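User: Can you walk me through the inside of this one? I'd like to start with the packing and then go over the holes.

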Amino acid sequence: MKFVRPVGAAADLREIEYISALHQTGETLRSDGSVSTEDVSRFLVSRYGLRVPASAVEETIARDFGGGDQLDLCEIMAMLLVPTLIKAEIGLHRDMFERELILAPTASSSSSSKLAGKEDLFESITGTQRLLKGDDRWPDADLIPFVLHMVLKDSTGCSEPKPLTVGLLQTIFRFYGEEEIAENDVLLEEMVSLAFTLRRDEEHGAEPPMFDAVTFAHCLTSDVSQYNAKAEGMLSTNFDDVFVNSQHGQCAGGDSANDATSAKRIFTFSSVDYAVDSFRSKSFVALLWVTWALFFYTFINETDVGDLDCQNEDRGEGEQFGCSIAEGIAKWLLIMVKLVVIGSPFVFICSLGQSTREAHPLFSLVSLVGISFMTFVPAFVKIQLVHSHDGTSAMVDTTRQNDKVAAEVMIWFMFACGVVLSLLTFQTILDTAIPQDYKDKHPLLKNVLASETVRMERSIKRAAAYKMNHLVRRAVKVHQAAEFEHGSGKDTSFGRALLAYGKTSNDQEEVGGFLYMYKRVWNGKLFDEDGIWLSNRMIQGMIAQFVICLWLVPFLQLIYGYITDFYGNIYADIAPPRWRILVPIIAGFTLGEFNAVKLMTSYIPSSAKTVLEFRTGALGSLHDAEFPKYRKSVDDASFIFGAMFWGSFISSGLVLAVSVLIVGIFCFEGFGSVVVRLLATIIGISCTIALKMMFLFFARRRFHDRAFYRVQPAAANVVGVILETWQLGVTTLYVLKRMVTLIAASFVFVGRIDVPFLSERADEIAGYQLDKFPFVFRKDMLLHEAHRHPYLDILGLIYMLKLRHKNDFGSPAGSCWRLLFVLALMPWLRKSRLRSDETKFGDAKFSQAGHVFQKFVSEKMADEGNFGRLTPVVGGEAPTGRASTKDEVDELKEVIERLKEENAFLRQQQRHSNRTAQREEPECAPSED
């Protein structure tokens with residue numbers, strides 16, 4: 001179960017690309033990672049049941065957070081950082097407040113007003129004080145000053161605060177290649193105006209505020225201040241926090257989802273939503289499906305309906321063959337009808353009221369009646385429904401006239417399931433009937449009545465805060481490592497970070513393991529830190545496998561009773577000794593039970609491992625050619641429950657039968673001599689192999705201990721001939737061993753639908769996939785990741801806040817401030833920008849006034865006003881008025897050679913200036929008042 005995964009900022013980038021691949025809904029994946037308005041619209045309706053037209057998304061979310069009809073990865077990251085920046089601003093003011101108290105305890109603090117009403121935000125759920133630096137879910141207090149230092153130092157050459165003007169912003173954005181923003185004076189003026197809302201420099205009149213850490217923090221968060229960090233630890237869903245409980249600020253409009261801009265909440269039958277898992281309780285749904293499966297196989301019998309009497313002697317062979325086919329079709333259609341007609345109403349009725357949405361208690365009472373009919377009634381009442389033609393049997397029969405193997409155990413297990421389902425239904429009734437205000441006043445009662453899904457959603461909210469906080473810290477570490485390696489000379493932190501990022505992009509670590517995953521389940525870190533959402537289909541499949549483990553025990557007792565009866569009659573005189581029968585059976589049942597338990601306990605570690613591999617890039621997503629296949633036919637996930645149940649049943653049965661057969665052969669008296677010869681042969685071959693291994697141990701060290709190269713070729717060739725001749729005889733045994741190993745492994749892997757047994761090359765013949773269940777299992781995991789990933793949880797919250805607060809939440813100016821924060825802290829995301837002249841480095845469209853171009857342009861070309869840029873070619877045609885001649889090509893070659901020489905000279909000068917700067921850091925020029 002262990003695996004190697006990428007770590008660091010490179011793994012974080014791959015995870016952002018991964019959520020983009022999950023978020024996209026087009027026929028093909030956009031490799032740039034952009035998310036369209038149609039993608040956002042479909043996400044909202046699938047995840048929250050909010051139907052918002054794509055045009056409305058463009059007019060609200062895309063306009064204020066992206067500036068177009070698509071959101072690129074930089075803009076997505078800027079949205080993800082909203083909660084982190086809100087908390088970073090509070091941490092900054094808390095740090096300044098404590099420093100002011102230390103320096104001047106009696107003086108009034110300028111930061112105290114910013115903290116007014118938010119002091120308790122700095123306390124965790126347990127009530128302990130949050131750390132100013134190093135807290136798991138709270139950003140470091142120096143995060144915003146750290147980024148501001150880089151922005152000013154890189155763009156202006158000095159990190160001292162300066163007056164915040166349009167000119168300063170133009171310089172900053174031009175340094176980061178954002179010419180489109182730098183040339184938009186209206187947008188820049190709006191960005192500057194955000195700083196004036198701080199109301200800190202009223203005594204200076206209309207003078208521009210100083211661009212310091214406090215101003216930067218205010219500009220980053222002023223337009224999204226409705227976000228409430230307290231909600232991260234609350235026992236509630238994001239939808240309720242926005243539209244029901246108003247945890248994220250009051251709205252000037254209505255209080256419901258339908259009052260949002262062009263948004264309408266639709267009915268989704270959330271109590272049976274197995275893609276989002278929006279029902280109240282995983283335990284309820286899992287036990288409900290297991291109960292239905294047991295009810296079907298225990299009480300629903302085959303009848304003579306569909307029997308066509310195909311073996312009638314009056315029919316010819318051809319007619320009998322056609323009749324048998326028709327009979328088979330009719331019987332399987334009847335099975336389908338019984339499963340659908342009986343099973344679907346049972347699931348729908350019993351699921352009424354089991355939703356995170358508010359529902360009338362009457363629905364839960366109807367659900368309770370359905371549960372009682374399926375669990376309590378069969379245990380005590382004998383009924384027959386839909387009799388056969390001769391009246392000897394019925395389709396639904398609880399009389400237990402012909403008991404199946406261990407049927408009593410299954411019946412009482414269903415009774416126990418009914419008790420648990422009833423208790424969960426009573427919990428739903430109480431939670432619905434008791435007013436929310438009363439539950440808020442009694443936290444213990446609210447905690448007891450809270451549903452499992454709400455608890456899991458709280459874990460996802462906490463995991464999102466944890467993951468984003470550590471993502472930011474890993475980005476900071478890249479800058480710190482770059483500064484430690486290259487110093488803080490004239491090189492920009494932007495360039496140093498890119499170099500450091502490239503060096504660490506291949507860092508990996510080995511994690512995982514069976515015990516490792518269950519330890520994280522036990523301490524809650526798998527949910528509160530990793531944000532893993534376990535699929536309910538997998539949970540109910542594991543419960544079904546647990547039923548198989550229980551079923552094997554009474555089945556063994558039944559077999560033991562048959563053996564006892566056999567030896568108690570006249571056959572005891574001719575039967576072999578009892579131990580020769582009992583030992584194989586006990587060994588077979590032990591191995592079968594072990595296999596069933598192993599299968600049941602392997603799914604959680606395996607699924608968590610696969611999810612983490614997708615997130616860190618160990619398994620491809622956005623740029624992988626195989627990933628789009630997972631996005632098709634996601635309804636195949638309905639196979640999982642039945643495949644897990646029958647896979648475990650057949651696998652354990654095969655292991656049991658084969659084990660009984662093999663051990664029985666060894667215990668059978670007539671095979672004693674054969675067993676002795678077989679053991680002798682095995683021992684002889686083992687001794688020979690041991691001698692060969694000892695010989696090769698010394699021979700390889702002397703002749704062939706240099707990887708692919710031989711130290712003494714002649715001696716190595718002699719040894720090779722000896723091995724070739726000897727291996728020719730014993731290879732047969734190795735092939736037989738391989739065959740037995742593969743067959744034995746196939747018996748076990750019949751019950752493992754979570755991992756592929758066949759390799760990618762062996763799993764496909766003529767375009768047909770032989771074993772599709774591991775593929776389907778991954779589809780189900782990705783289906784839940786697309787709705788429940790912690791980062792998508794944040795994006796969904798931002799989307800809903802924008803729809804709720806409309807123009808009061810988010811703005812183009814605030815988004816540009818956060819975009820600047822992203823470009824400075826994570827320059828490796830720069831390649832994912834869409835709306836910028838300098839986005840695609842491969843196109844070489846650098847601005848003439850840009851920092852990068854001016855650094856490498858030759859003096860001669862700059863004096864002439866010619867920057868060496870050719871007229872762009874449109875449609876593959878040559879530019880107008882210019883002909884592609886041999887002289888021009890030769891001239892271009894000369895220019896290229898001259899530029900190479902000039903660039904080499906510039907690099908030499910740069911290295912010299914770096915060494916000089918490391919010895920002495922130049923002082924910043926004083927800022928003008």
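Analyst: Sure. This is a predicted model. Its largest nonpolar core has 114 residues. Phe-216, Trp-817, Phe-821 and Trp-828 have the most contacts inside that core.

User: What is Trp-828 in contact with, leaving aside neighbours within four places in sequence?

Analyst: Ala-9 and Leu-13, for a start. Trp-828 also contacts Ala-475, Val-478, Ala-497, Leu-498 and Tyr-501.

User: And what lies apart from that core?

Analyst: Another core, of 44 residues. Its members include Val-396, Phe-413, Tyr-567 and Phe-589.

User: OK, holes. How many cavities of 30 Å³ or more does a search of the whole structure find?

Analyst: Four. The largest has a volume of about 130 Å³.

User: Which residues lie nearest the centre of the largest one?

Analyst: Tyr-227, Glu-232, Lys-461, Ile-794 and Leu-797. They are among the 17 residues that line the largest cavity.

User: Which helix gives the most to that lining?

Analyst: α19, with four residues. α19 spans 452-486. α5 (82-103), α12 (238-244) and α29 (790-805) each supply at least two residues as well.

User: What's the lining like by class?

Analyst: Mixed: eight nonpolar, four polar and five charged residues.

User: Now the second largest cavity. What volume does it have?

Analyst: About 90 Å³. Its lining divides into nine nonpolar residues, two polar and one charged.

User: Which residues are they?

Analyst: One stretch of the list is Ile-532, Trp-533, Leu-534 and Ser-535, followed by Met-538. Ser-607, Ala-608, Val-611 and Ile-640 line the second largest cavity too. Phe-777, Asp-780 and Met-781 complete the list.

User: Which helices supply at least two residues each there?

Analyst: α24 (578-616) and α28 (773-788).

User: Switching topic. Where does Arg-47 sit?

Analyst: In helix α2, residues 37-48.

User: Is Arg-47 buried or exposed?

Analyst: Buried. The relative accessible area of Arg-47 is 8%, and the cut-off for buried is under 20%, so Arg-47 qualifies.

User: Which backbone oxygen lies 3.0 Å from a polar atom of its side chain?

Analyst: The one of His-787.

User: What does Arg-47 touch, not counting residues up to four places away in sequence?

Analyst: His-787 again, plus Arg-788 and Asp-793. Val-276 and Glu-457 are on the list as well.

User: Great, that covers my questions.

Key:
Residues numbered from 1 in each chain as written. Predicted model: local features only at pLDDT ≥ 70, side-chain atom pairs only at ≥ 80, totals over all residues. Heavy atoms only, no water. 1 Å grid on protein atoms, 1.4 Å probe; cavity = no way out; pocket = protein on both sides within 12 Å on 5 of 7 lines; lining within 4 Å. Points joined across faces, edges and corners; volume = space filled by probe spheres on them. Nonpolar A, V, L, I, M, F, W, Y, C, P; charged D, E, K, R; others polar. Core = buried A, V, L, I, M, F, W, Y, C linked by side-chain atoms within 4.5 Å. Buried < 20%, exposed > 50% of the residue type's maximum accessible area, 1.4 Å probe, protein only. Contact = heavy atoms within 4.5 Å. Polar contact = N/O pair within 3.5 Å; in protein donor to acceptor, adjacent residues only side chain to side chain.
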